[in-house]
Amino acid sequence: MSDCIFCKLANGEIPTTMVYQNEFAAAFNDASPLAPVHVLVVPKNHHDNMLDGVDAQTFMAMVDCVEQVVELTGIQNSGFRVLTNVGADAGQTVNHLHWHVLGGKRLSDSLA
Ligand code: AMP
Ligand code: ZN
């Protein structure tokens, strides 16, 4: 997807604060953070969302990113949240699969 901003960020075509990356996924800071730690984990290949034909290797690469992000940011013991919005009603604004990793403060009790 040549016009997808997250494809470009994940593959280093646009500079960003890369927190961690592996062969298949990347983790960079959200541009409008909602918590002291707000990192986006995205696959390097384009998928619209988590139901868009994502293979197990890619999912595992994303899980590796989460593990590394929470350790690097020091929130692995205090608690954190991982969420993904799918579709307009859920608030998805960027149509490239991304997991929000949120932490570093007491998070809202409400998920919806
Ligand atoms: P969502 O609403 O779940 O689609 O989340 C999209 C997220 O991407 C929002 O939290 C935005 O702040 C974030 N975002 C949008 N553009 C950029 C960008 N260029 N770099 C980093 N984060 C971005
Ligand atoms: Zn993309």
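Student: How many salt bridges does a search of the whole structure find?

Tutor: Just one salt bridge turns up. Keep in mind that this is a predicted model, where local features need pLDDT of at least 70, side-chain atom pairs count only at pLDDT 80 or more, and totals for chains, interfaces and linings use all residues. Residues are numbered from 1 along each chain as its sequence is written, chains are lettered from A and ligands numbered from 1 in the order in which they are written, and side-chain values use heavy atoms, with hydrogens and water left out.

Student: Why is the pair Arg 106 and Asp 109 called a salt bridge?

Tutor: The term asks for a side-chain nitrogen of Lys or Arg within 4 Å of a carboxyl oxygen of Asp or Glu. Arg 106 and Asp 109 have an N to O distance of 3.0 Å, so the pair qualifies. In general, side chains of opposite charge can pair when their charged atoms come close.

Student: Are those two residues buried or exposed?

Tutor: Arg 106 and Asp 109 are both exposed, which means over 50% relative accessible area; buried is under 20%, and partly exposed is in between (1.4 Å probe, protein chains only). Across the chain, buried residues make up 38% of the 112 residues.

Student: What makes the Asn 85 pair with ligand 1 a polar contact?

Tutor: A polar contact is a pair of N or O atoms within 3.5 Å; within protein, one must be able to donate a hydrogen and the other to accept it, and residues adjacent in sequence count only if both atoms are side-chain atoms. A polar side-chain atom of Asn 85 sits 2.8 Å from an oxygen atom of ligand 1, so the distance passes. For Gly 91, a backbone N or O atom is 2.8 Å from a ligand 1 oxygen atom, and for His 98 a polar side-chain atom is 2.9 Å from one.

Student: How much of ligand 1 does the protein cover?

Tutor: On its own, ligand 1 has 500 Å² of accessible area, and the protein covers 78% of that (Shrake-Rupley method, 1.4 Å probe; for residues, only the protein chains shown count as cover).

Student: How do you know that the chain agrees with a compact globule?

Tutor: The globule rule is 2.2 Å times the number of residues to the power 0.38, with the radius of gyration taken over C-alpha atoms. For 112 residues a compact globule would come out near 13 Å, and the chain has 13 Å, so the two agree. Along the principal axes, the C-alpha atoms fill a box of roughly 40 × 30 × 25 Å.
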